[in-house]
Amino acid sequence: MFNNKKLFLNKNIIITGGTGTFGQAFVKTVLDNLKPNKLIILSRDENKQYLMAEKFSKHPKFKCLRFFIGDVRDESRLEMAMRDVDYVVHAAALKHVPVAEYNPFECIKTNVYGAENIVNAAIKTKVKKVIALSTDKAANPINLYGASKLASDKIFVAANNLTGGKTLFSVVRYGNVIGSRGSVILLYKKLIDENSSFLPITDPRMTRFWISVESGVDFVLSSMSIMLGGEIFIPKIPSAKITDIATAMGPSLKQKIIGIRNGEKLHETMINNDDARNTLTLKNKYIIIPSNEDRHFSTLTKLGAKKVKENFCYQSDKNPETLNLNQVKKILHKFLKF
Ligand SMILES: NC(=O)c1ccc[n+]([C@@H]2O[C@H](COP(=O)([O-])OP(=O)(O)OC[C@H]3O[C@@H](n4cnc5c(N)ncnc54)[C@H](OP(=O)(O)O)[C@@H]3O)[C@@H](O)[C@H]2O)c1
C-alpha cells in the first residue's frame, strides 16, 4: 500500500478520465489516504460525473472534488482546467482494440493529439509533474490502440526536452486490469449470469499480464513520488493463461475456441529486447530510462536499481510470476469476490 502521506499535501491535482475504472479508484485512494487541496475530475460525459459525484457524496473529503467537463482533444479547455494545478494524472483514452481498429481517426485524436494537448497545457500552466497511463499493448504494437499509446508514450518522454525540468513528464505502463470495463473477466461474468453453456477462448495458449486497479493506483502514486521525468515505470505483476481464468470462473462450462481476433497477440510484451538496454530493475518495478540521461542511472542505482541483462524481455508467457489455476481462483475471489 502506498504510504507517502506528504504527496499531494494541500496541492491541486487533475485526473483526466476521472470517471473511468482507474480514475474512480484513484480518487478513492487519494481521498482515503491523502490531503489534497483540490482534486479535479476531467471527462466528457456529464452522466458518469453525476453518478460518480453521488457515489462519493458521503465521503468526508468530498468537498475537495471538482467535476470538470472537458475533452482532451480541446487544448484550451485543458489549459482552463489546469490553472493552478500542481499534478496531472492522464488516464483518459480510447482503449478498446476493435473500436480503435474500426475508428482509427478517433483513436488518434484522443490518444495521440490528446497527449500533445496535455503536454502543451501542462507546460503553459506550469504544472510540476505529469504521469500518463500506458499499456503493455504499446510495446511492439500490432494494433492501433497499442500504436497510439506508443506514440503517446514517446510524446510524454520527449516533452521533458521542452521544459528545462520545470514540468516533469513520465509514463506508467501495465497490463490488463482485473475487472475493468471491457475486460474478458467482465465478459465471462456476464455470460455466466446469462447462463451461457460455454465461455469463448480466442486461443488456448493465450496469456496476459494482470493487475488489480488498486495496485495500479498505488503504482502510479509511488512512481509520481520518485519520477525525475522521462521514465517509463513498469510494475512486476503476474501473468495467467486465459484458459485458467475461464476455468476458475466457470469450472463446469465448456470452453469454445473462437480464434484470435484481428489486432490481438498471443502473448503481451511489457519490455522488449531493444528497450532492455535502457531498463533498470528496482524491487517491485522495472524502469525504462531515457537513453541520453546519466542522472536517472546514477539516482536510481543509489536506490538499489540494477541494469537488466542485455537480452532481457518482459513477456506474459515467460513471466517467472505465472499464476496456476488455484492462484487465479484466489485472485478473482480477492478482487471480484467471484
Ligand atoms: N483497463 C485496462 O485493462 C488498462 C490496462 C492498461 C492500461 N490502461 C490505461 O489506463 C487508462 C485508464 O483506463 P480505464 O480502464 O480507467 O478506462 P475507462 O474505464 O474506459 O475510462 C476512460 C475514461 O476516459 C474518459 N475519456 C474518454 N475519452 C475522453 C476524452 N476524449 N476526453 C476526456 N476524457 C475522456 C472517459 O469518460 P467520458 O467517456 O465521459 O469522457 C472515462 O472517464 C487508459 O489510459 C488505458 O489506456 C488500462
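**Exercise 1. The β14 and β15 hairpin**

Which residue in β15 stands opposite T279? Work outward from that pair to the strands on either side of β14.

*Solution.* This is a predicted model.
- Step 1. The residue opposite T279 is I288.
- Step 2. Place the pair in its strands. β14 covers residues 279-282 and β15 covers residues 285-288. The two run antiparallel and are joined by four bridges.
- Step 3. Look at the turn. Two residues lie between the strands of this hairpin, and K283 takes a positive phi near 45°.
- Step 4. Turn to the other neighbour. β14 also pairs with β16 (residues 306-307), in the antiparallel sense, over two bridges. There, T281 has K306 as its bridge partner.

**Exercise 2. The sheet as a whole**

Give the strand order of the ten-stranded open sheet. Then explain why β3 and β16 are each left with one side without a neighbour.

*Solution.*
- Step 1. The order reads β3-β2-β1-β4-β5-β6-β10-β15-β14-β16, and the pairing is mixed.
- Step 2. β3 (65-69) and β16 stand at the edges. Each has a single partner strand, so one side of each has no neighbour in the sheet.
- Step 3. Take a parallel pair from the sheet. β1 (residues 12-16) pairs with β4 (residues 87-90) over four bridges, in the parallel sense. I14 has V88 as its bridge partner in β4.
- Step 4. Take another. β5 and β6 are parallel too, with seven bridges between them. S134 is matched with R173 in β6.

**Exercise 3. Burial along β6**

How many of the residues of β6 are buried? Sort them by face, then examine L168.

*Solution.*
- Step 1. Seven of the seven residues of β6 are buried.
- Step 2. In a regular strand, side chains alternate between the two faces of the sheet.
- Step 3. Apply this to β6. One side holds L168, S170, V172 and Y174. The other holds F169, V171 and R173. Both faces are covered.
- Step 4. Check L168, which is found in β6 (residues 168-174). L168 has 22 other C-beta atoms within 10 Å, so it is buried; the cut-off is 20 or more.
- Step 5. List its contacts. Leaving out residues up to four places away in sequence, L168 touches K128, K129, N160, M227, L228 and G229.
- Step 6. Add a distance. I131 is 37 residues from L168 along the chain, and their C-alpha atoms are separated by 8.4 Å.

**Exercise 4. A strand with two unlike faces**

Which residues of β8 form its covered face, and which its uncovered one?

*Solution.*
- Step 1. In β8 (residues 198-201), L199 and I201 make up the covered face.
- Step 2. F198 and P200 make up the uncovered face.
- Step 3. Find the partner strand. β8 pairs with β12 (residues 254-257) over four bridges, in the parallel sense. P200 has K256 as its bridge partner in β12.

**Exercise 5. Packing of α7 on α9**

Describe how α7 and α9 pack, from geometry to residue classes.

*Solution.*
- Step 1. Start with the axes. α7 (residues 184-193) and α9 (residues 242-249) pack at an angle of about 35°, and their axes are 11 Å apart.
- Step 2. Assign the hand. The crossing of α7 past α9 is right-handed.
- Step 3. Name the residues. α7 brings V184, I185, Y188 and I192; α9 brings I242, I245, A246 and M249.
- Step 4. Classify them. The contact has eight nonpolar residues, no polar ones and no charged ones.

**Exercise 6. Two positive phi angles**

F8 and N195 both have a positive phi without being glycine. Is each residue buried or exposed?

*Solution.*
- Step 1. F8 has a phi of about 70°. It sits in the segment before β1.
- Step 2. F8 has 22 C-beta neighbours inside 10 Å, so it counts as buried.
- Step 3. N195 has a phi of about 60°. It lies in the loop between α7 and β8.
- Step 4. N195 has 7 other C-beta atoms within 10 Å, so it is exposed; the cut-off for exposed is 12 or fewer.

**Exercise 7. The ligand shell**

Which residues come nearest the ligand, and which element gives the most to the shell?

*Solution.*
- Step 1. The shell has 29 residues, of which G17, G20, R44, D45 and A93 come nearest.
- Step 2. Two or more residues each come from α1 (21-33), α5 (104-124), β5 (129-135) and β7 (176-177).
- Step 3. α1 gives the most, with three residues.
- Step 4. By class, the shell divides into eight nonpolar, 14 polar and seven charged residues.

How values were computed. Residues numbered from 1 in each chain as written. Predicted model: local features only at pLDDT ≥ 70, side-chain atom pairs only at ≥ 80, totals over all residues. Near = placed C-beta within 6 Å. Nonpolar A, V, L, I, M, F, W, Y, C, P; charged D, E, K, R; others polar. Pairing = 2+ DSSP bridges. Axes fitted to C-alpha atoms, helices over the stretch in contact; angles between N-to-C directions. Left-handed = near helix turned anticlockwise from the far one by under 90°. Contact = placed C-beta atoms within 7 Å.
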